[in-house]
Amino acid sequence: MSHFAADYCNLHIKVNNFRQGDNLPVSISVLQSTGWRSPSKEVCSVDGNLTAATTTVLFESLPIGVPLFLSVTGSVKLADGNSDSLISGLEGYLGSSVSLHVEAIRTRNNNKQSQQRQSWNDGPRRMERQYSIDRHQSSNKSPVNNNVTTISNSLSTLEKKVKGAENMQSELKNQLTKILMDVDAAKSSSNTPDLFSKLQERIVNLSKSPLFNGNMVNNVNTQQQQQQQQIPRSNNNNNSSNNDSNNNNNNSKPYPTPIDRKMSVQSRQRIMKLDDLNSRFNVCQSEFNGLIDTLRHTTKHADRMKIKDALSQLYGNLEKLQYVEIDSIVVGDLQSGQKEAKEARKRLTKQVTNLLNAVKDKVKQLST
């Protein structure tokens, strides 16, 4: 099964005190932050029974670049946390695996947790019960699991780089095709076509790069020839249709009037994607503002360290938002909406960069 780069997570639930014959009902939810002052939104959830010491749950199509939380309710609790802990930092394990160590609660009444979930409806309340999955991993890791996690994270980094390289290759191909067509058009309308020979020679040499599979120029020329061959036939058909139409009804039109669209469907889709990424950035900005406001009103070392961890995770979210999502939006091949999409991507990149620098400075300040 193929996945978009780093949009999934394998969650390994390990019951430390599992007994043969146990049948532990649980509900596992992935929550997404919608801002510091607003309730978290449930992305997906799984209900089932734990009947083995280790159970793996695959979460797919998770949003990239925003804080993600885990909520586990039912007949288990975190092995080193409270039963009503909200587990933060899941986004740091997208594209890989993470282990969650739990303990069975062997009492009849386990309904208290579902009632506690409503107390997580905004940033300040989340921080009260928030428990970092990174700290959980550190306190429960084994040498073997640590090696697997390290290799998995390295592979996720490579997947991200490959995806970025593929997007860049596509954009370079589109740019070269456009330049080649511009040169051909300028040459055909120029009184001195020889002036363009050197430009064409440079394009041919550039197209021999392995990035372009060595045959881009031939492919573009073939497409242009096919288009030119189709034009005369199209004109003849139009003339024939016009003559027939004039004989039948001089006031009628041979073809429907084309729909006047200011922007193509492809351009609209890219701009809608950028709008979605801008909404994710706004969530990150809201989380940052809330964390800084909380920092101003606390002097407890534990709270400051928790805020530092949250800021570090936020930095990772912003990096993924930029390098995995925003950089994957190609605008070079667009026509009608290229200017709008290019400006939106540039503006969003600037906002993310500024927030990255602000988060980095604050983490550095808390580390001293």
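A crossing is left-handed if the near helix is turned anticlockwise from the far one by less than a right angle. With that in hand, here are some close-ups of this predicted model.

**View 1. Helix 7 and helix 9 cross in the left-handed sense.** Helix 7 covers residues 265–296 and helix 9 residues 338–367; their axes lie 10 Å apart and meet at an angle of about 20°. Angles under 35 degrees count as roughly parallel, so helix 7 and helix 9 are roughly parallel to each other.

**View 2. Side by side: the contact of helix 7 with helix 9.** Helix 7 contributes residues including Ile-271, Leu-274, Phe-281, Cys-284 and Phe-288. From helix 9 come, among them, Ala-341, Leu-348, Val-352, Leu-355 and Lys-362. Sorted by character, the contact residues comprise 16 nonpolar, 3 polar and 3 charged.

**View 3. Asn-317, a residue of helix 8.** Helix 8 spans residues 301–325. Asn-317 counts as buried, because its relative accessibility is 1%. Leaving aside residues up to four places away in sequence, you will find Asn-317 touching Gly-65, Val-66, Pro-67, Glu-91 and Cys-284. Cys-284 is also one of the helix 7 residues in the contact with helix 9.

**View 4. An open sheet of 4 strands with mixed pairing.** Follow the strands in the order 4-1-8-6. Strand 4 (54–59) and strand 6 (76–78) are the edges, each pairing on one side only. On average, neighbouring strands are turned by 35° against each other, direction ignored.

**View 5. Strand 1 beside strand 4.** Strand 1 (residues 9–15) runs antiparallel to strand 4, and 6 bridges join the two. Look for Leu-11, which stands opposite Val-57 of strand 4.

Note on methods
Residues are numbered from 1 along each chain as its sequence is written. This is a predicted model: local features need pLDDT of at least 70, side-chain atom pairs count only at pLDDT 80 or more; totals for chains, interfaces and linings use all residues. Side-chain values use heavy atoms; hydrogens and water are left out. Axes are lines fitted to C-alpha atoms, for helices over the stretch in contact, and angles run from 0 to 180 degrees between N-to-C directions. Angles under 35 degrees count as roughly parallel, over 145 as roughly antiparallel, 65 to 115 as roughly perpendicular and the rest as oblique. Contact means heavy atoms within 4.5 Å. Ala, Val, Leu, Ile, Met, Phe, Trp, Tyr, Cys and Pro count as nonpolar, Asp, Glu, Lys and Arg as charged, and the others, Gly among them, as polar. Buried means under 20% relative accessible area, exposed over 50%, partly exposed in between (1.4 Å probe, protein chains only). Two strands pair if DSSP finds at least two bridges between them.
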